[in-house]
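Hi,

Here is the structure I promised to pass on. Have a look at it first, and then read my notes underneath.

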Amino acid sequence: MDREAKNEKEENDREREKGVAAMVACYQGFDPAAYLQYNYMPPRADFDRQDSIVPWKLGCLHRAFNEGDVGGDVLVDVGSGPTLYQVLSGCEVFDTVFLTDFLEVNRQELRRWLQGEGYSSLDWTPYLQHVCKLEGRRPSAWTEKAARLRSVVSDILPIDVHLPRPLHPDSQLPTAGADCLVSCFCLESVSPDLASFTRALGHIRGLLRPGGHLLLIGALGESYYMGGPGVRIPVVHLDEAQVCASVRASGYTLVRLEVYTLPQGMMVGVDDVTGVFFVKARKP
C-alpha cells in the first residue's frame, strides 16, 4: 500500500471511529422504560388488531423458528435492548440462549425480569400469551413459557457490533459459533451510516456457525427514533434493496424478505419509520 492510500485509509478509519463514538454518545440518555412505553404498548402492541406491528413481528419469528430448518443448541440475540419478545418462539427450539446489549441499563432491565425480582418496566404476559396461541397452546400456558425462557437464558452479555469480535472471548459461546442469531432493530439504530450497518452485519456473522441462520428485523424509511424524553437517536435510513444488498455483501445467503408497511394508526410520533423488514438468511 503506497503512502497516499495508507493516509486515505487512516483518515477513513478515523471518520468511522468518530461516527461510532457519536452514536455511543446519543445512547447515554437512553431510557428503557420510556422506550418500552413508546413502542410496546397499544396501538403498536395491540393483539386484537390484525394490522398491529408487534403481532406481525411475533408471527414472522414464530414461522421462522418452526419451519424445520432453524435449530441446534445455541441461540444468540444480538442487541436485545430491554425487550424479550424476540426470543419467545426461539426459547422453545434452543436449550441455550444468550441475550446481549451494549447498554448496562438494558441488561439490568432484562435481569430484573429473568431473575423474577417482581419489577419490570413492561408486563410481558400478553406477549407470552400471544405466542402460546401461535404455537397452538392455551393462553394460560404463558407461565410455562415464562419458566422455559428463564431456564434457557444462559447469560446476558455486553456486545459491541462495531468490533470485529463483538463478544468478549470469555463469553462461553461455543468455538464453532451459535446455531442461530436473532437481531431486532439493533444494527440500523447503532450505526452512523449504511457502510457501518453492513460492516456490523459482517461482524456478527463471525458469531454464527457455517450453516447457521440469521433472523433480522429492522426499520425501513426511518431517520430517527426517541430513546426517551428528549433523546432523539439517528437511524440509518434503509430501503428493501439496501437491506438485501447489505445482507448479501456481508456473506449471507438471503432466504427471504418480508415487509410490513405501517398504517397511519401505528405512526405515534416517537419516530418516522414507514415500514419494518424481516429477513431470514443463512451463513454458507
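**Helix α6 and its neighbours**

The buried residues of α6 pack against four elements: β2 (96-101), α4 (104-114), α5 (125-134) and β3 (153-158). Before I go on, keep in mind that this is a predicted model.

Which residues of α6 are the buried ones? Helix α6 spans residues 142-152, and its buried residues are K145, A146, L149 and V152. They sit on the same side of α6, because the arc they cover around the axis is only 140°. The spacing fits the usual helix geometry: with 3.6 residues a turn, residues three or four places apart point the same way.

One of those neighbours, α5, deserves a closer look. Its axis and that of α6 are 9 Å apart, and the two helices pack at an angle of about 105°. Angles of 65 to 115 degrees count as roughly perpendicular, so that is the word for α5 and α6. On the α5 side the contact is made by T125, L128, Q129, V131 and C132, and on the α6 side by W142, K145 and A146. K145 and A146 therefore turn up twice, as buried residues of α6 and as part of its contact with α5.

**Salt bridges**

The count comes to 18 salt bridges. Here are a few that I would click on.

R44 pairs with D271, with 2.8 Å between the closest N and O atoms. This one links distant parts of the chain: R44 is in the loop between α2 (32-39) and α3 (53-65), while D271 is in the loop between β8 (253-261) and β9 (275-282), 227 residues apart. Are the two partners buried or exposed? R44 has a relative accessible area of 3%, so it is buried, and D271 is buried as well, at 12%.

E67 and R256 form another salt bridge, at 3.1 Å from N to O. E67 lies in the loop between α3 and β1 (74-77) and R256 in strand β8, so this pair ties together parts that are 189 residues apart in sequence. Here E67 is partly exposed, with a relative accessible area of 40%.

Then there is E104 with R111, whose side chains meet at 2.9 Å, N to O. Both residues are partly exposed: E104 has 33% relative accessibility, and R111 has a relative accessible area of 25%. Elsewhere, salt bridges with shared partners join R63, E67, D69, R256, E258 and K280 into one network, and the E67 and R256 of the pair above are among its members.

**Two single residues to check**

E188 is in helix α7 (residues 187-190). What is the nearest side chain of opposite charge to E188? That would be K57, which is 9.6 Å away; E188 is buried and yet has no salt bridge. Leaving aside residues up to four places away in sequence, E188 touches F197, I217, G218, A219, V235, V236 and L238.

H203 is in helix α8 (residues 194-205). With 17% relative accessibility, H203 counts as buried, the cut-off for buried being under 20%. Its contacts, again without residues up to four places away in sequence, are V161, H162, L163, P164 and P166. V74 is 129 residues from H203 in sequence, and the two C-alpha atoms are 18 Å apart in space.

Cheers

Methods:
Residues are numbered from 1 along each chain as its sequence is written. This is a predicted model: local features need pLDDT of at least 70, side-chain atom pairs count only at pLDDT 80 or more; totals for chains, interfaces and linings use all residues. Side-chain values use heavy atoms; hydrogens and water are left out. Buried means under 20% relative accessible area, exposed over 50%, partly exposed in between (1.4 Å probe, protein chains only). Lys and Arg count as positive and Asp and Glu as negative; His and the chain ends are not counted. A salt bridge is a side-chain nitrogen of Lys or Arg within 4 Å of a carboxyl oxygen of Asp or Glu. Contact means heavy atoms within 4.5 Å. The arc is that of the directions from the helix axis to the C-beta atoms. Axes are lines fitted to C-alpha atoms, for helices over the stretch in contact, and angles run from 0 to 180 degrees between N-to-C directions. Angles under 35 degrees count as roughly parallel, over 145 as roughly antiparallel, 65 to 115 as roughly perpendicular and the rest as oblique.
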